[in-house]
Amino acid sequence: MSGGERDELYERLRVYEGQPAATAGVGRDPVNEPMIRHWCEAMGHPVPPDGSAPQTMLQVWTMGGLAGHPADSGRSDTYDALLGALDAAGCTSVVATDCEQEYPRALRPGDRITFDAVIESVSTRKATKLGTGYFITTRMDVRAGDQLAGRHRFRILKYKGRGRPKEKRPRPVVNRDNAGFWAGVAEHRLLIQRCTRCATLRFPWLPGCNACGGQEWDTVEAAGHGTVYSYVVMHHPPFPAFDPPYAVALIELAEGVRIISNITGVPYDKVRIGMPVQLEFLRVEDEELELPVFRGVDA
Ligand code: ZN
């Protein structure tokens, strides 16, 4: 944006300043000795000799818990609307940037907690290393009875991410037992181990024969024809370097052994059990890595 140009999004966001982020929130539990003791153990903090709660426990008394506690969180529709406006503008990423607390009054076992929060400020658009977005500061006032016990100021950056650099696929682990397989791949040959005692083929590569226990072996080169024996379509969880959804297939080779691989040339939702496939070699990531994969072929 050039200087002086109006930031229309900011003009809409600043309207939220001073509006409630949470009203009439209620602490899930009263301040109590067991939570103080557990927190001190977990944090390596001495238990205060006067029995009061460590001041930095402040947020413990206002959080909803893992299961959430929406009825008592007091969270306002206004705060959700502010975040929603940022989401709609593409600022979908969020990071907490800083937190300030004040402790006007010590909390002691038996104190019952209530809290309110206000959207204290929304910044103008800022360019950061993470991306461009807006800082939102909320201030929560925590009360015990009618006394202000703590003040918690919390700032987030809601921003449009730059996108992460492309991550690399995991590298194969090449060891003494499978080095011959990867040497074959380098020559565009898919090698299957064969027991020299009983002639049983085996894949993936193993030090010994499952059929007879023999440890001597040679190899045969797969012709490259196969069919999809089974498959799954990965949607979740996302994994670096992979772009879901994608199919992961168990291919039955014409020789009778099976190999897990990717299917190429066929959309993930068109992969079918029994589909004929043909071996090919895929170079990925600037030719650093080569993998045997299987291209769907018309039956
Ligand atoms: Zn054998």
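**Briefing: a two-domain predicted model**

Take the 35 positive charges (Lys and Arg) and the 38 negative ones (Asp and Glu), with His and the chain ends not counted, and their mean positions turn out to be 1 Å apart. Each charge is placed at NZ of Lys, CZ of Arg, CG of Asp or CD of Glu. This is a predicted model, where local features need pLDDT of at least 70 and side-chain atom pairs need 80 or more, while totals for chains, interfaces and linings use all residues. Numbering starts from 1 along each chain as its sequence is written, and side-chain values use heavy atoms, leaving out hydrogens and water.

**Overall layout**
- The domain assignment (automatic or from a database) gives domain 1 as 8-161 and domain 2 as 179-296.
- Over C-alpha atoms, the centres of the two domains sit 52 Å apart.
- The C-alpha atoms fill a box of roughly 85 × 55 × 30 Å along the principal axes.

**Folding and surface**
- You'll find five helices and 14 strands, which are DSSP runs (helices H or I, at least four residues; strands E, at least two) numbered from the N terminus.
- About 17600 Å² is exposed, with carbon and sulfur atoms supplying 52% of it; the area comes from the Shrake-Rupley method with a 1.4 Å probe.

**A look at Thr137**
- Thr137 lies in strand β5, residues 131-144.
- Thr137 counts as buried because its relative accessibility is 3%, and buried means under 20% (1.4 Å probe, protein chains only).
- Leaving aside residues up to four places away in sequence, Thr137 touches Val118, Ile119, Glu120, Ser121, Arg153, Phe154 and Arg155, with contact meaning heavy atoms within 4.5 Å.

Definitions and conventions: Buried means under 20% relative accessible area, exposed over 50%, partly exposed in between (1.4 Å probe, protein chains only).
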